[in-house]
Structure formats: C-alpha cells, structure tokens
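User: Could you take me through one part of this model at close range? I'd like to see what sits around it and how it fits into the rest.

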Amino acid sequence: MLRRAFELVGPLSTARRTVREELAEPWRGELDEEETLERVLGKEFPEPGDWVGLRRENRRVQVALMMDTSLSMSGRNLALAAVAAAVLAFKVRSEDLAVVAFESAAKVLSRLGEHDRTARIVEGILAQPARGFTNIAAALQAGRSELERGDNPRRVGLLISDGVYTAGDDPTAEAGRFPRLHVLLTEDYTMDLELARRMARLGRGKVFTVKGYDELPRRMLEVANRLLR
C-alpha cells in the first residue's frame, strides 16, 4: 500500500519558494546580481541595503484531512482512502498533517504537531471498523480544532466525502469556520453535489470531484501539489 502511494508521488522533492531580501550576512543566500546592480548604479558609495540576496525556503502548509470511515467505506474503499492519505503524508511534513476519521462520531488519528510515520497513519485508517452513519459536522469540528493548534498562516481542511450526512447537524455552519476548506467529492448515486459546493464556498475552498475511489489516490496527489504551490 505504501509502495503504491510512493509510486504515485514519484521522487520526493520538497516544494520551495524563492525569498528576495537584504543580504545582511553572505552565508544566508546568493547574491541577486540584477537587483543589486539596479540599486547601486549611480551611487558613489553603496549602502548596506543595496545588497540583495536570494534564498530558497521550503513551502509549508498545515492540513487537516477528514476521512469518511462509515459503513459505506468497508473493504476496498477504505484501503484506497488509506493510499490517498499516504500520498498526502508523503507530500507534507508529518507534523503538519492531522488525520480525522469519522462515522457517527469523529476520531483524531494523527494530531497536528506530532511526528507520526506515514505507516502509522495508514495503519490507523485501516484499523477503523467502517461502521455507523456519516456525521460530517463532527468531522469538520474535529478538523478545525486541529488546525487551531497550527502555527502556519497556510492552513487548510480536506474533506473526503460524498457530501451526504446521515447523522449530526447540517455541516455548513462548521464549514464556514475554516480558514480554507476543500472537498474531495466521491461521485456516486448518493452524492450531494450542492451540499459539497456550499461547504467549499463557505470555507473559501473548492470542490474536487473524484470518479470513484479508484481515482482517489491520484486525485489526492493533484490536490496536494496545488496546496504546495
């Protein structure tokens, strides 16, 4: 299972961004020659702030992944969802990922800030009994609580669901409390596209449709790459 996720992700490379700043210390980056020349041209004596450096730092995003583990997820669907979680775990730092499993109630499997191995996250998902109803509101509440533990301005919730809740309150109010919430909507005859769109709109996010659980791991990779841009 981890091998399949790793094969999807391919060679692991951390997303990075370029930071341009005053080069106060020469070992903190490389000289931005073009920008520095623009600043010093015409000056008899360059000032300290005229020396501009470039350095590259890792892009970070903190994610709360909320996964349906109700009765409809039994068997192969749950295994595919675990592969999708592994794909995400390979793309973000372990301490930046929280995983919530939900059915009639929500359970935090991995907390934000903890250095859980990817294998442990997958084992935790597969250990869920796939039972009960679908309480999306409880999942969102648990996921949002995890994001509130974060220290990064870039924080996002990812909900894997068919958009149909059969237990708990209407989840739209909870969706609006997220800094950003995306919905990975699994397409089937029971799905509620309108509810998924409302949750994503209130959460300032998007709906990503998934044509069945076979597509879920690859779709998760696409979403993870977007988050890390």
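Here is the part I'd like you to start from. What does strand 5 pair with, and is it buried or exposed?

Analyst: Happy to, starting with the ground rules. This is a predicted model, in which local features need pLDDT of at least 70, side-chain atom pairs count only at pLDDT 80 or more, and totals for chains, interfaces and linings use all residues. Residues are numbered from 1 along each chain as its sequence is written, and side-chain values use heavy atoms, with hydrogens and water left out.

For orientation, the protein has eight helices and nine strands; these are DSSP runs numbered from the N terminus, with helices being H or I of at least four residues and strands E of at least two. Of its 229 residues, 47% count as buried, where buried means under 20% relative accessible area, exposed over 50% and partly exposed in between (1.4 Å probe, protein chains only).

Now to strand 5, residues 97–102. It's mostly covered, with six of its six residues buried. Leu97, Val99 and Ala101 point one way, while Ala98, Val100 and Phe102 point the other way.

On one hand there's strand 4 (residues 62–68), which runs parallel to strand 5 and is joined to it by six bridges; two strands count as paired if DSSP finds at least two bridges between them. Within that pairing, valine 63 stands opposite leucine 97. To get from strand 4 to strand 5, the chain crosses through helix 3 (residues 76–91), and this β-α-β crossover is right-handed. Right-handed here is a viewing rule: with the strands pointing away from the viewer, the path from the first strand over the helix to the second runs clockwise.

Then there's strand 6 (residues 106–110), which is antiparallel to strand 5 and joined to it by four bridges. Alanine 101 has lysine 107 as its bridge partner there, and a hairpin of three residues links the two strands.

Zooming out, strand 5 belongs to an open sheet of six strands in the order 6-5-4-7-8-9, with mixed pairing. Strand 6 and strand 9 (207–210) are at the edges with a single partner strand each, so one side of each has no neighbour in the sheet. From one strand to the next, the twist averages 20°. Helix 5 (residues 136–147) packs on this sheet and touches strand 4, strand 5, strand 6, strand 7 and strand 8; its direction makes about 160° with that of strand 4. For such angles, axes are lines fitted to C-alpha atoms, for helices over the stretch in contact, and the values run from 0 to 180 degrees between N-to-C directions.

Back to leucine 97, this time for its surroundings. Leaving aside neighbours within four places in sequence, it's in contact (heavy atoms within 4.5 Å) with Val63, Leu65, Leu88, Ala89, Val92, Ser110, Arg111, Leu112 and Ile121. Leu97 is also one of the residues that touch the most other members of the largest nonpolar core, which has 37 residues. Such a core is a set of buried Ala, Val, Leu, Ile, Met, Phe, Trp, Tyr and Cys residues joined through side-chain atoms within 4.5 Å. Elements giving two or more residues to this core include strand 4, strand 5 and helix 8 (216–227), but the largest share, 10 residues, comes from helix 3. Another core lies apart from it, with 19 residues, among them Leu140, Leu147, Val183 and Leu185.

Helix 3 deserves a look of its own. Its 16 residues reach 23 Å from first C-alpha to last, close to the 22 Å expected, that expectation being 1.5 Å times one less than the number of residues. Its buried residues include Leu78, Leu80, Val83, Val87 and Leu88.

Further along the sheet, strand 7 (residues 155–161) and strand 8 (residues 181–186) pair in the parallel sense over five bridges, with isoleucine 160 opposite leucine 184. Like strand 5, strand 8 is mostly covered, six of its six residues being buried. Strand 8 also pairs with strand 9, again in the parallel sense, over four bridges, and valine 183 stands opposite valine 207 there. Valine 207 counts as partly exposed because its relative accessibility is 25%. Its contacts, sequence neighbours within four places aside, are Val183, Leu185, Leu193, Ala196, Arg197 and Ala200.
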